[in-house]
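Please open the structure in your viewer and keep the selection tool at hand. The stops below say what to select next and what is there.

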Amino acid sequence: VPQAEEEFLNMLADLLRAAQRAGTARPDVGVPEVKTLLVGCQAMQGYNAELAARVTDVALDGLRRT
């Protein structure tokens, strides 16, 4: 699935750059950090779905430019 991974990372990079250009995402965050957050949020969903929603909100707040 390496091709799918590459396509996903390219799409994620495009979205992140767009958010950074718009001034809504932190400029010091890159694709590896965003992917790690996504994987963590996905894992939390299996652990505790109710708590996962709250932690996802916290992660998104952390990505926003202040």
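Select V31, and then show L9, L12, A13 and L16, which V31 touches when residues up to four places away in sequence are not counted (contact means heavy atoms within 4.5 Å). This is a predicted model, in which local features need pLDDT of at least 70 and side-chain atom pairs count only at pLDDT 80 or more, while totals for chains, interfaces and linings use all residues. Residues are numbered from 1 along each chain as its sequence is written, and side-chain values use heavy atoms, with hydrogens and water left out.

Next, widen the selection to L12, A13, L16, A25, V29, V31, V34 and L63, the eight residues of the largest nonpolar core. Such a core is a set of buried Ala, Val, Leu, Ile, Met, Phe, Trp, Tyr and Cys residues joined through side-chain atoms within 4.5 Å, where buried means under 20% relative accessible area, exposed over 50% and partly exposed in between (1.4 Å probe, protein chains only). Two or more residues of this core come from each of α1 (2–21) and α2 (31–47), and α1 gives the most, with three; helices (H or I, at least four residues) and strands (E, at least two) are DSSP runs, numbered from the N terminus.

Then turn to the salt bridges, of which the structure holds four, each a side-chain nitrogen of Lys or Arg within 4 Å of a carboxyl oxygen of Asp or Glu. Select R17 and D14, whose closest N and O atoms are 2.5 Å apart; these two are three residues apart in helix α1, and so are separated by about one helical turn. Finally, select R26 and D28, whose side chains meet in a salt bridge at 2.7 Å, N to O; R26 is partly exposed at 31%, whereas D28 is exposed at 52%.
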